[in-house]
Protein chains: 2
Amino acid sequence: MDLATLETPVPVVDLAVVEANLERMQDYCDRHGLALRPHIKTHKIPALALRQVELGARGITCQKLGEAEVMAAAGLDDILISYPLVGQNKAARLAPLAGRARMRVAVDNPLALRSAAEAAALSGAEIGVRVEFDSGARRTGVTSAEAALELARAARATPGLRFDGLMTYPVSAASAVFLEAVLPRLRAEGLEPAILSGGGTPDAFRTHELAPVNELRVGTYIYNDRMMVAAGHAGWADCALHLHVTVISRPTADRGIVDAGTKSFAADLMPQGAALGHGYFPDYPEVRLERLSEEHGMLDLSACARKPELGERLRVVPNHVCPVSNLHDRIAFMRGGEFLGFQDVAARGRTL
Amino acid sequence: MDLATLETPVPVVDLAVVEANLERMQDYCDRHGLALRPHIKTHKIPALALRQVELGARGITCQKLGEAEVMAAAGLDDILISYPLVGQNKAARLAPLAGRARMRVAVDNPLALRSAAEAAALSGAEIGVRVEFDSGARRTGVTSAEAALELARAARATPGLRFDGLMTYPVSAASAVFLEAVLPRLRAEGLEPAILSGGGTPDAFRTHELAPVNELRVGTYIYNDRMMVAAGHAGWADCALHLHVTVISRPTADRGIVDAGTKSFAADLMPQGAALGHGYFPDYPEVRLERLSEEHGMLDLSACARKPELGERLRVVPNHVCPVSNLHDRIAFMRGGEFLGFQDVAARGRTL
């Protein structure tokens, strides 16, 4: 089969670009003494996670138990769930995972710690606990050194749990400020954190300048996207995934419609806002993907000297690539323009 | 199993509310002489489509071939694909559908007409062609009476095709203006359109005042959502789907985090913009779901006298319910608070 005959819309991943992206990040981590623990949320494909480990990653990061279950079944054996697991349902699912892989979980509150303790008791296996702190993202994570200390003490005191260290997202100058405040207090109580973990692709290559972490969790770097180009992390040639779409309507001279909307792209906007639209067209940089409905993408062609024609196939770099993986049951792999086959996105849709 | 023990995040649909919503719309259509052709994009579940037909719908509407394939396999036998199908891949998939169901397709350009013609030739079955026109949404649809006439003539002249009528979305006062211009010209050529089809839930109950259509395509009315409440189409009690979520973190007095983000809600904003947030909490109307990342929903609790606690389960009416169906492999059905079972969202993820 030829790439140009694949039915659209279809996400197409260039494995040569993937390989270069993986090697560049592994090399950066090796040079700066960082353990790389890639976040699989971007690709959700066991074969790619195994390749990350083969190249030197110390383990992987998942956000949900369902993702960890897919990855553990594929042989990944060191898994961090960087997300507070709250409730008995979660403990009941974490337990069998702890029996087959080295499991680590993030906590920022006593209920998440209790889930980990229940899972450890059910499985008989030790579970590592990382205390998540907030570096300014105002998401999960404790906001005081005192709260971090309390959770670290509780982890040490709980049978079946091991205090594994500290974790934050994204790593920033604020991470260093928090660590400076909390580390002496932890050490004073004999709670030396083995792992100080930071994350985030946009500033990944500055991690060593930002904060004294010894582990890096990054996801998007494997494919990159328009946001990563805007952040200066990558160039267009480093974007491994393109959505291939078809112009299915050209109602006016300046308007085109492609066969992909929020069901294929997700609606994530650039940080600069809606004016930048929903994707970048490397073969038509002047095209603006101005609006999306579920199955339609509306192109403003008014700035184009040469305009895409009805029936023409176009390549699009999405604003944010991670939701694209989640929206497609399978993607196409290619290398150097040659179609290699379809790959199931095995861990897509794992909301639980 | 009890609803309160279902693992979160989980979409829960109240079938009593569904039934009332379906009956209300069917009754409206019956009173005004409109054929109801519900759009299955909102629920993507064959059992609900069959119920819509049982209550009086004349057939269904799908946006993609993959949705139509799921519905035809379940026994739905009159299917409109309200979307331009462009290319040989699409014709090759439309053909077998035309062999098992009465198929109708929307066209707004010659390539979409050619796909229908190829499918009719391959299958030997007649395919109905509806010419889509633009009523101001600036999406697909011809923008001139002349273009509509040309496509209607071509449909009549093409073996295997039948000119089925005209179609627009959403129905509005502009639809009436277009119809007034085009209908005399069509009739003058003997091209009487059997069907004049309008769509859209927000103004559905005003269809008879807006334009002289004789068919209504609506999807969202089966579940309703925050946008339909804002549009005045529904009240909160008419919202059949709630996403049940859990507060997994309470980092500060005024911030809570729930276990659902864009992977569970989609990122669709209210027409008024981002300030209204991403959902409505019927049990905590003052909660503002201010930001979403993929797996996190950030709650601003500053306006709440009573604040949701860590570990508490909350119900959320999403801004836009259709993407919620697409994001979940299965949903929970309940009636009067009693859990009935899980239902596969069989036509989710059908981007092709």
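1. Let me start with A:Gly75, which takes a positive phi of about 105° just after helix α3 of chain A. This is a predicted model, in which local features need pLDDT of at least 70, side-chain atom pairs count only at pLDDT 80 or more, and totals for chains, interfaces and linings use all residues. Residues are numbered from 1 along each chain as its sequence is written, chains are lettered from A and ligands numbered from 1 in the order in which they are written, and side-chain values use heavy atoms, with hydrogens and water left out. Helices (H or I, at least four residues) and strands (E, at least two) are DSSP runs, numbered from the N terminus.

2. The helix before that glycine, α3(A) (residues 65-73), is mostly covered, with 7 of its 9 residues buried. Buried means under 20% relative accessible area, exposed over 50%, and partly exposed in between (1.4 Å probe, protein chains only). The buried set is A:Leu65, A:Gly66, A:Glu67, A:Ala68, A:Val70, A:Met71 and A:Ala72. Please note what they pack against: α2 (46-54), β3 (60-62), β4 (78-81), α4 (88-100) and β5 (102-107) of chain A, together with α10 (262-265) of chain B. Contact here means heavy atoms within 4.5 Å.

3. The two copies deserve a look next. A turn of 180° with a shift of 0.0 Å along the axis lays chain B on chain A, with an RMSD of 0.0 Å. That is the relation of a two-fold axis. The superposition is by least squares on the C-alpha atoms of residues with pLDDT of at least 70 in both copies. The same surface serves both copies, since 100% of the contact residues of chain B recur in chain A. Within chain B, the residue that comes closest to the rotation axis is B:Ala267, at 2.9 Å (C-alpha).

4. Now to the open sheet of chain B, where 8 strands follow the order β2-β9-β8-β7-β6-β5-β4-β3 with parallel pairing. Two strands pair if DSSP finds at least two bridges between them. Its edge strands are β2 (35-36) and β3 (60-62), each pairing on one side only. Strand β2(B) runs parallel to β9(B) (residues 215-217) and is joined to it by 2 bridges. B:Leu36 has B:Leu216 in β9(B) as its bridge partner.

5. Two helices of chain B pack on this sheet. Helix α4 (residues 88-100) touches β5 (102-107) and β6 (127-134), and its direction makes about 140° with that of β5(B). Helix α5 (residues 110-123) touches β5, β6 and β7 (161-169), at about 170° to the direction of β6(B). These axes are lines fitted to C-alpha atoms, for helices over the stretch in contact, and the angles run from 0 to 180 degrees between N-to-C directions. The buried residues of α4(B) include B:Leu94, B:Leu97 and B:Arg93. Against them lie α3 (65-73), β5, α5 and β6 of chain B.

6. Strand β14(B) (residues 297-300) is covered on both faces: B:Gly297 and B:Leu299 on one side, B:Met298 and B:Asp300 on the other, are all buried. Strand β11(B) (residues 255-258) runs antiparallel to β14(B), joined by 4 bridges, with B:Val258 opposite B:Gly297. Strand β13(B) (residues 288-292) also pairs with β14(B) in the antiparallel sense, over 4 bridges. There B:Leu289 has B:Leu299 as its bridge partner. β13(B) and β14(B) form a hairpin with 4 residues between them.

7. A word on the rings. Rings of Phe, Tyr and Trp (its six-membered ring) pair if their centres lie within 6.5 Å, with planes under 30 degrees apart counted as stacked, over 60 as edge-to-face and the rest as tilted. The count comes to 8 aromatic pairs over all chains. B:Phe339 and B:Phe342 have ring centres 5.2 Å apart and planes at 65°, so this pair is edge-to-face. B:Phe339 is buried at 13% relative accessibility, whereas B:Phe342 is partly exposed at 33%.

8. B:Phe342 has a further partner: the charged end of B:Arg330 sits over its ring, 3.6 Å from the centre. In chain A, the charged end of A:Arg330 sits over the ring of A:Phe342, 3.6 Å from its centre. The rule asks for NZ of Lys or CZ of Arg within 6 Å of the ring centre and within 35 degrees of the ring normal.

9. Finally, which residues does B:Arg24 touch, not counting those up to four places away in sequence? They are B:Phe205 and B:Asp238. B:Arg24 belongs to helix α1(B) (residues 15-31) and is partly exposed, at 30% relative accessible area.
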